[in-house]
Every structure is written in C-alpha cells, then in structure tokens.
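User: I'd like to go through this model and check the reasoning behind the labels we put on it. Could you take me through them?

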Amino acid sequence: MNNTAKIYVDSADVQKLLKGMPENIRRNVQRRAGNEIMPRWARRLGNEWLTTTYKRNGGKQKHRRAIWAAAKSRVRPRGQGETARMVMNVHIKYGKKGGTLASGNQRVYHLLEYGHRNKAAGSFTEGKHVSRDWARLNLRKMLEEISKEVLVQAQKSFTDKRRPRANRKRA
C-alpha cells in the first residue's frame with residue numbers, strides 16, 4: 001500500500017539542459033525547483049481531502065482536517081551519476097511528524113483511501129481513492145510546472161554571482 005505520487009521530469013529540453021551541467025549543479029537545480037513547486041501541490045492534495053464527502057457519525061471533520069494538515073512533499077535524489085533522478089513525492093505523513101494540526105488523527109487515511117473490512121459485521125467499506133484520482137488528474141500539470149521551474153532555476157544558476165568557482169572560471 002503506497003500513498004505517494006512520484007514525479008520524474010522527462011521533458012526533452014529540460015533533459016538536454018541538465019545533461020550539460022555538472023552533477024552538483026544539476027542536483028541543486030532540480031532540488032530547488034522541486035522545493036519551490038511541490039509544497040503547493042501537497043496543499044492542493046490536502047484541500048482535496050478537506051472537501052471530500054464521506055459518512056461519519058457526529059459530523060465532526062477531525063480526520064479530514066488532520067489529513068489536510070499532514071499532506072507533505074519531499075524532494076530526494078535517487079541514485080548517483082548522470083542517470084540519477086530527483087524523485088518528488090506528495091504524501092500523507094503519519095504520526096506526530098504530520099504536524100501539530102494532524103496530531104495523529106490522520107491515521108485513518110489508508111482506511112478512507114483504500115477501504116476496509118469490518119470483521120464483526122462482515123461488511124466491506126469501499127475506499128474513496130481521493131489521492132489516487134487526484135494524482136491521475138493532476139500529474140501532467142505537475143510535470144509541466146516542475147519542468148518550467150527547472151528551467152527558471154537553471155537560468156538563475158547560470159546568472160547567479162554566488163555560483164560555484166568551477167563555473168565562474170568558464171564564464
């Protein structure tokens with residue numbers, strides 16, 4: 001059971017630009033672009049959960065607010081060298097690390113997303129698949145936004161006066 005949407009930048013012009021960069025600058029550019037874009041998409045996933053309808057006794061919104069608060073993003077490199085990819089995740093973080101607003105109430109996320117079986121009653125409650133459907137609808141938009149941001153960050157790295165010494169010698 002995996003609750004993450006993984007994004008790989010596969011735009012041809014972005015790949016061409018990144019191939020010509022030294023590895024450390026390439027990673028920095030991708031990481032900065034991911035850290036700029038992915039928190040916005042995590043917030044959008046949280047908002048999707050906040051507006052989802054489902055039956056609950058008492059009508060309290062505690063779990064939905066907790067899932068909204070626990071929607072996080074992460075940008076990490078996978079592997080090393082020219083073939084290494086920067087993996088960008090949007091996920092629901094469990095436990096106290098989900099934030100003070102979540103306070104552990106987001107732990108029902110997997111039950112709401114994937115469904116669950118009630119052993120005593122012998123019934124099965126269908127999952128909403130909110131995150132899965134949201135990811136399918138928004139994956140292309142996310143990828144385009146990240147590709148544009150990688151190009152912006154790459155341009156900044158070429159014009160930045162604080163860039164590494166190796167690049168200043170070439171310029």
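User: What makes Gln-30 count as buried?

Analyst: Its relative accessibility is 8%, and the cut-off for buried is under 20%, so Gln-30 qualifies. Keep in mind that this is a predicted model. Gln-30 sits in helix H2.

User: Which residues is Gln-30 in contact with, leaving aside neighbours within four places in sequence?

Analyst: Leu-18, Val-75, Met-86 and Met-88. There's also a link across the sequence to look at: Gln-30 and Ser-147 are 117 residues apart along the chain, yet their C-alpha atoms are 9.2 Å apart in space.

User: Sticking with H2, how do you know how H2 and H3 run relative to each other?

Analyst: From the angle. H2 and H3 pack at about 175°, with axes 8 Å apart. Anything over 145 degrees counts as roughly antiparallel, so H2 is roughly antiparallel to H3.

User: Which residues meet where H2 packs on H3?

Analyst: On the H2 side you have Arg-43, Gly-46, Asn-47, Trp-49 and Leu-50, and on the H3 side Arg-64, Arg-65, Ile-67, Trp-68 and Ala-69. By class, that contact comes out as five nonpolar, two polar and three charged residues.

User: Which residues of H3 are buried, and what do they pack against?

Analyst: The buried ones are His-63, Arg-64, Ala-66, Ile-67, Ala-69 and Ala-70. They pack against H2, S2, S3 and H4.

User: What about the loop between H2 and H3: why is Thr-52 called buried?

Analyst: Thr-52 does lie in that loop, but its relative accessibility is 10%. With the limit at under 20%, Thr-52 therefore counts as buried. Not counting residues up to four places away in sequence, Thr-52 touches Arg-64, Lys-128 and Val-130. Arg-64 is one of the buried residues of H3.

User: And Ser-103, why is that one called partly exposed?

Analyst: Ser-103 has a relative accessible area of 48%. Buried needs under 20% and exposed needs over 50%, so Ser-103 lands in between and is partly exposed. Ser-103 is placed in the loop between S3 and H4. Its C-alpha atom is 9.2 Å from that of Ala-69, a residue 34 places away along the chain.

User: On to the other helix pairs. Why are H1 and H5 called roughly parallel?

Analyst: Their axes cross at roughly 30° and come within 10 Å. The parallel label takes angles under 35 degrees, so H1 and H5 are roughly parallel to each other. The crossing itself is left-handed.

User: Which residues of H1 and H5 meet?

Analyst: Asp-13, Val-14, Leu-17 and Leu-18 from H1 meet Ser-147, Val-150, Leu-151, Ala-154 and Phe-158 from H5. The split in that contact is seven nonpolar, one polar and one charged.

User: At what angle do H2 and H5 pack, and what is the handedness of their crossing?

Analyst: H2 (residues 23-50) and H5 (residues 130-159) pack at about 150°, with their axes 8 Å apart. The crossing is right-handed. That contact has 14 nonpolar, four polar and eight charged residues.

User: Which residues have the most contacts inside the largest nonpolar core?

Analyst: Val-29, Met-38, Trp-49, Val-90, Ile-92, Trp-134 and Val-150, in a core of 32 residues. H1, H2, H3, S2, S3, H4 and H5 each supply at least two residues of this core, and H2 gives the most, with nine. Val-150 is worth a look: outside its neighbours within four places in sequence, Val-150 contacts Val-14, Leu-18, Val-29 and Ala-33.

User: Finally, how many helices and strands does the chain have, and in what pattern?

Analyst: Six helices and five strands, following the pattern β-α-α-α-β-β-α-β-β-α-α along the sequence. Of the 171 residues, 38% are buried. As for contacts between residues at least 6 apart in sequence, 64% join residues at least 24 apart.

Definitions and conventions
Residues numbered from 1 in each chain as written. Predicted model: local features only at pLDDT ≥ 70, side-chain atom pairs only at ≥ 80, totals over all residues. Heavy atoms only, no water. Axes fitted to C-alpha atoms, helices over the stretch in contact; angles between N-to-C directions. Helix = DSSP H or I, 4+ residues; strand = E, 2+ residues; numbered from the N terminus. Left-handed = near helix turned anticlockwise from the far one by under 90°. Nonpolar A, V, L, I, M, F, W, Y, C, P; charged D, E, K, R; others polar. Core = buried A, V, L, I, M, F, W, Y, C linked by side-chain atoms within 4.5 Å. Buried < 20%, exposed > 50% of the residue type's maximum accessible area, 1.4 Å probe, protein only. Contact = heavy atoms within 4.5 Å. Parallel < 35°, antiparallel > 145°, perpendicular 65-115°, else oblique.
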